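Reader: Please take me through one helix of this model in close detail. I would like its ends, its length and its setting in the chain.

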Amino acid sequence: MISPVMLRDAGLARLGQAIYRGGILAKGVAACSSCHAPNGAGIPAQFPRIAGQHAEYTEAQLKAFRSGERRNYPNRMMRAVAAKLSD
């Protein structure tokens, strides 16, 4: 997940980019780009655009998916993905 610390840490930023592009094979986490597109544009009506989103918002939403607090989507795909992520 992206945090203000990640924004100041080049190593964590590279890790985030690697996860976005390639996922985390050992944890069964698909690449974010597989649904949200390599450029973050998403697929309208299926997967939202995440390019240009504020890091704090993205982090908060991933945590909300992980905790089950966010439930406004039918297939729970992001809840399953976020459950495999750590802070």
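Author: What follows is a close look at helix H2 and then at the chain around it.

The model is predicted. Helix H2 covers residues 10-22. Start with its length. H2 has 13 residues, and at 1.5 Å a residue these should span 18 Å. The C-alpha atoms at its two ends are 18 Å apart, so the expected span and the model agree.

Now the ends. At the start of H2, Asp9 points a side-chain oxygen at the backbone nitrogen of Gly11, to within 2.8 Å. Just after H2 comes Gly23, with a positive phi of about 75°.

Next, confidence. The chain averages a pLDDT of 88, and 92% of the residues score at least 70. Helix H1, residues 4-8, has the lowest confidence, at a mean of 57. The highest is in helix H3, residues 33-36, at 95.

Then the setting. The chain has five helices and zero strands. Its radius of gyration is 12 Å, close to the 12 Å that the globule rule gives for 87 residues, so the chain is as compact as a globular protein of that length. The C-alpha atoms fill a box of roughly 35 × 25 × 25 Å along the principal axes. Of the 87 residues, 28% count as buried. Among contacts between residues at least 6 apart in sequence, 32% join residues at least 24 apart. The accessible surface is about 6,000 Å², and 58% of that belongs to carbon and sulfur atoms.

Conventions
Residues are numbered from 1 along each chain as its sequence is written. This is a predicted model: local features need pLDDT of at least 70, side-chain atom pairs count only at pLDDT 80 or more; totals for chains, interfaces and linings use all residues. Side-chain values use heavy atoms; hydrogens and water are left out. pLDDT is the predictor's confidence in each residue, from 0 to 100. Helices (H or I, at least four residues) and strands (E, at least two) are DSSP runs, numbered from the N terminus. The expected span of a helix is 1.5 Å times one less than its number of residues. A polar contact is a pair of N or O atoms within 3.5 Å; within protein, one must be able to donate a hydrogen and the other to accept it, and residues adjacent in sequence count only if both atoms are side-chain atoms. The radius of gyration is taken over C-alpha atoms; the globule rule is 2.2 Å times the number of residues to the power 0.38. Buried means under 20% relative accessible area, exposed over 50%, partly exposed in between (1.4 Å probe, protein chains only). Contact means heavy atoms within 4.5 Å. Accessible areas come from the Shrake-Rupley method with a 1.4 Å probe; for residues, only the protein chains shown count as cover.
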